Amino acid sequence: NDILNQKWNGVEKLEGKLLKLNNVIIIASGDFAGNTNYNITDGSDTLVLSIDKDIDLVGTPIPTGVIAIVGCLGQFTSSAPYSDGYQLLPRSTNDIKAAVIKKTITLLSPNGGEVWFVDSKQNITWSGTVSADVKILYSINNGNSWTQITGSTPATAGKFEWTIPDAASELCKIKIISVADATVFDESDKIF
């Protein structure tokens, strides 16, 4: 969108610049051919990816899935105003990489201040980009130590029903962690 809808005013601010487009896919399959244009999309807009015959991408497999592409932004409109016809020109195989999608998880409930009672059933809910399983923990001492509620629940479920085992205190907290990557986690504020 930033490329296709840049302010024209007689000046192309992005043409000739080296750009990186994250989270795009190539709408093609097979191997790259030289002097060939391919469409790429971010899911809402489409741009031309132009493969020159003299780069080492020719003959390599067209990647599937979400990728990041680095390339010089060029333009091939041959009549005024020269404000469209943009194309991205990668320089080599090093300019096309699998996208690094940051995994995230957000604990939606509890989020602090809830009143939970022993033996009551409560829903723990979350959202995020984690596709593997998650484990859920609780603490009764403000996070100084944790007890496991469940060791493996599909992250895509987004919900886990739990029966409260201990007396509530102002020091109770819930934590959710990706089983595959312990650096991806979130925890609640204190619940009562």
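## Isoleucine 69 and its contacts

Contact here means heavy atoms within 4.5 Å. By that rule, and leaving aside neighbours within four places in sequence, isoleucine 69 is in contact with Leu19, Lys20, Leu21, Val24, Ile26, Ile40, Leu49, Leu88, Asp95 and Ile96.

A word on the model itself: it is predicted, so local features need pLDDT of at least 70 and side-chain atom pairs count only at pLDDT 80 or more, while totals for chains, interfaces and linings use all residues. Residues are numbered from 1 along each chain as its sequence is written, and side-chain values use heavy atoms, with hydrogens and water left out.

## Two nonpolar cores

Isoleucine 69 also belongs to the largest nonpolar core, which has 21 residues. A nonpolar core is a set of buried Ala, Val, Leu, Ile, Met, Phe, Trp, Tyr and Cys residues joined through side-chain atoms within 4.5 Å; buried means under 20% relative accessible area, exposed over 50%, and partly exposed in between (1.4 Å probe, protein chains only). Ile3, Ile26, Phe32, Leu49 and Ile69 have the most contacts inside this core. Two or more residues each come from strand 1 (18–26), strand 2, strand 3, strand 4 (67–75) and strand 5, and strand 1 gives the most, with four. Strands are DSSP runs (E, at least two residues), numbered from the N terminus.

Another core, of 18 residues, lies apart from the largest one, and Trp116, Tyr138, Trp162 and Ile191 are among its members.

## Strand 3 and its partners

Strand 3 (residues 46–51) is a good place to look next: five of its six residues are buried. Strand 2 (residues 36–41) runs antiparallel to strand 3, and six bridges join them; two strands pair if DSSP finds at least two bridges between them. One of the partnerships is asparagine 39 with valine 48. The two strands form a hairpin with four residues between them, and glycine 43 in the turn has a positive phi of about 100°.

Strand 3 also pairs with strand 5 (residues 86–89), this time in the parallel sense over two bridges. Here leucine 49 has leucine 88 as its bridge partner, and leucine 88 and leucine 49 are both in the contact list of isoleucine 69.

## An open sheet of three strands

Elsewhere you will find an open sheet with the strand order 7-8-11 and antiparallel pairing. Strand 7 (105–109) and strand 11 (159–163) are its edges, each pairing on one side only. Four bridges hold the pairing of strand 7 with strand 8 (residues 121–128), and isoleucine 105 stands opposite glycine 128 in strand 8.

## Salt bridges

The structure holds four salt bridges, each a side-chain nitrogen of Lys or Arg within 4 Å of a carboxyl oxygen of Asp or Glu. Aspartate 95 pairs with arginine 91, their closest N and O atoms being 2.8 Å apart. Aspartate 95 is buried at 4% relative accessible area, whereas arginine 91 is partly exposed at 47%. Lysine 53 and aspartate 54 form another, at 3.2 Å; lysine 53 is partly exposed at 49% and aspartate 54 is exposed at 60%.

Glutamate 187 and lysine 175 meet at 3.8 Å, N to O. This pair links strand 13 (residues 185–187) with strand 12 (residues 173–178), the two residues being 12 apart. Glutamate 187 is partly exposed at 26%, while lysine 175 is buried at 14%. Salt bridges that share partners join Lys173, Lys175 and Glu187 into one network.
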